[in-house]
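Hi,

Here is the structure I promised to pass on to you. Have a look at it first, and then read my notes below on what turned up.

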Amino acid sequence: MKNYDAYVFDLYGTLVDIHTDETQPKVWKILSRRFRDHGADYTDKELRKCYLQEIKSDEAQIRIKKQIENENILYPEPDLARVLHCLFRNRGVNADDSLIAETASALRDAAMCHIRLYAGVREMLQSLKKAGKKVILLSNAQRLFTIPEMDKLGILDGYFDEILISSDIGAKKPDPYFYRQLFCKEDLIPEKCLMIGNDLRCDIEGAKEAGMDAFYILSGLSPAADKEKVRSGQKTAADYIQIGMNWRRIIKTDYFM
């Protein structure tokens, strides 16, 4: 493998095994109760409908804002904080940041089925840091969820030189705009960066379009179409492919670095 200056990681499905389900009726019953407790009267079905509407509205506003800035966003990423603020405000409640964070936590907890680090993640990240490499996170995610989860999993402090989250940027992978932010924030050359992820379109093709090399890992959270393509031996845009998720095995064989 080539020598890279920076290793850019996807989070969910690459470093973290997670399963959530926001479609469960119980999620919206729990959440509507929280809204009502704070003076925002929604039924569970009404809340879910309004939530999805606000997400679409936020996506449309992002596109308009970026067009004014002469940017074309292909894959807008709404900000959950703005969505929740709007939901409260539409019922006459001026929610502060603490209430928004608590509400987001309640939503995530209700939808969570499981979350854990893949084997060897901390050791692998530490080995990269010891080797003098820049370690960066580039994640399609919501800050209100991701930062607390990284903290609980023990990979927030001391592991990454930079954390870029799509909800902060207003665009998500594979949007070229999101990838460009990486090079705006860090003094990096695309050709000296390796993107590591479990999604052929978002992580691999997006990275290649940005001028980076790409390492694809077929994990349990990879899209079904990816699994079929890789297992059948079809050509992909990836420079490297790893089937199965075990970071301890990868770093012990020196395949990764």
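**Backbone, cysteines and cores**

Let me start with Asn70, which is exposed at 72% relative accessibility. Please keep in mind that this is a predicted model. Asn70 sits in the loop between helix 2 (44–68) and helix 3 (80–89), and its phi is positive, near 60 degrees, although the residue is not a glycine.

Another backbone feature to look at is the peptide bond from Lys173 to Pro174, which is cis with omega near 10 degrees. Pro174 belongs to the loop between helix 7 (166–169) and helix 8 (176–185).

Now the cysteines. How many disulfides does a search of the whole structure find? The count is zero. For Cys86, the nearest cysteine sulfur is that of Cys50, 11 Å away, whereas a disulfide needs the two sulfur atoms within 2.5 Å. Cys86 is buried, with a relative accessible area of 18%, while Cys113 is partly exposed at 43%.

Finally, the interior. The largest nonpolar core has 32 residues, and those touching the most other members are Phe9, Leu15, Val16 and Trp247. Several elements give two or more residues to this core, including strand 1 (6–9), strand 2 (16–20), helix 5 (121–130) and helix 11 (247–252). Helix 5 provides the largest share, four residues. Another core lies apart from this one: it has 26 residues, among them Tyr42, Leu80, Leu84 and Leu87.

Happy to talk it through whenever suits you.

Best wishes

Note on methods:
Residues are numbered from 1 along each chain as its sequence is written. This is a predicted model: local features need pLDDT of at least 70, side-chain atom pairs count only at pLDDT 80 or more; totals for chains, interfaces and linings use all residues. Side-chain values use heavy atoms; hydrogens and water are left out. A nonpolar core is a set of buried Ala, Val, Leu, Ile, Met, Phe, Trp, Tyr and Cys residues joined through side-chain atoms within 4.5 Å. Buried means under 20% relative accessible area, exposed over 50%, partly exposed in between (1.4 Å probe, protein chains only).
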